[in-house]
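Q: I'm new to this structure and would like to learn how to read its features. Could you walk me through a few of them?

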Amino acid sequence: MTKPYVYLTRKMPASIVEKLEAECDIGMWEKEEEPVPEEVLEKEMQTADALFCTITDPINKEKIKQAENLKIIATMAVGFNNIDVEAAAKKNIQVAHTPGVLSETTADLTFALIMAAARRIPEGIEVIKNNEWGAWAPFFLTGQDIHHARLGIIGMGRIGEAVAKRGTGFDMDIVYHNRSRKPETEKEIGARYVELDELLETSDFVCVMTPYTNETHHMMNREAFQKMKNTAIFINSSRGGTVDEEALFEALKNGDIRGAGLDVFENEPISADHPLLSLPNVTALPHIGSASENTRWNMAEMTANHILQGLRGEKPDHLVSL
């Protein structure tokens, strides 16, 4: 009996490949840090029974339309805005993702951004590297207190809740805005629901944790940044498309807000000449929110499990719903 064919869009560890090979024939792009070319991806999708992909792979309507045998698309990510889920649903192709497994790790990174941006850690590192550390001065590299500050979280999902819990350790006043209220979260963490305008106007740290959708595209625009306190710090570890980067640049350059900590950008990867990198009050990272060894292993294993479940005719554990 012919085994189903699975295509992996990035090189995966041997144990993940072997797990799939026990039940499937495998094809794999043999590079870990270079995305599969679109023409290769398109060709492989035409014959594959299952696709193991990442957040950087564009799985659009045209590719899905040509996928004659495809039964499941499993992405090694919690986000799935790179996949045309509606087009997949029309062809009865399941789409699975990896929620939950990366929540705590991403929350760690998000709080690291809060701390680094508030206390100007990257600037301090550069001072030493450039041999600019001189005599003690009363207000040399003074930053902003985190303890007892107001943390405003936009999007109180799993990761937002995990960030809020970390804020309680710093005695932060936690407010949030979400599509719906979370009474249990309010009770457990002590967070308080507020309208978006109040969150923007009163928070010392504004942290975007919302998914990227048509509704959240550029939700952080010029108007939003102008509502923030000029001492506030903006944090984004969700999706770059939620932010109008030109508006953020202007807000930082003009002193409308104090600083920003960013793990994501609208078009990734960015280059060294990206305008935001020219500003000293920007702490930037290369989209490493879930990048701990344990979490990435768990994500890869979960993605492989989703593929096997889908090919066996079972319901994958974490299906994307329309």
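Q: How many disulfides does the count come to?

A: A disulfide is a covalent bond that joins the sulfur atoms of two cysteines. This is a predicted model, and here the count comes to 0 disulfides. Take Cys53: the nearest cysteine sulfur belongs to Cys24 and is 16 Å away, whereas a disulfide needs the two sulfur atoms within 2.5 Å.

Q: Is Cys53 buried or exposed? And what about Cys207?

A: A residue counts as buried when its relative accessible area is under 20%. Cys53 has a relative accessible area of 0%, so Cys53 is buried. Cys207 counts as buried because its relative accessibility is 0%.

Q: Which residues of helix H7 are buried?

A: Helix H7 covers residues 158-168, and its buried residues are Ile159, Gly160, Ala162, Val163, Ala164 and Gly167. Among the elements that cover them are two helices, H5 (103-118) and H8 (183-189), as well as strands E6 (150-154) and E7 (173-177).

Q: Now for empty space. What lines the second largest pocket?

A: Empty space shows up when a probe the size of a water molecule is rolled over the atoms. In this model, the second largest pocket holds about 190 Å³ of space. Its lining includes Pro122, Glu123 and Lys129, along with Leu277 and Thr283.

Q: Which element gives the most to that lining?

A: That is H6, with 5 residues. Helix H6 (121-129) and strand E12 (282-284) each supply at least two lining residues.

Q: How many of the lining residues are nonpolar, polar or charged?

A: By class, 7 are nonpolar, 3 are charged and 1 is polar.

Methods: Residues numbered from 1 in each chain as written. Predicted model: local features only at pLDDT ≥ 70, side-chain atom pairs only at ≥ 80, totals over all residues. Heavy atoms only, no water. Buried < 20%, exposed > 50% of the residue type's maximum accessible area, 1.4 Å probe, protein only. 1 Å grid on protein atoms, 1.4 Å probe; cavity = no way out; pocket = protein on both sides within 12 Å on 5 of 7 lines; lining within 4 Å. Points joined across faces, edges and corners; volume = space filled by probe spheres on them. Helix = DSSP H or I, 4+ residues; strand = E, 2+ residues; numbered from the N terminus. Nonpolar A, V, L, I, M, F, W, Y, C, P; charged D, E, K, R; others polar. Contact = heavy atoms within 4.5 Å.
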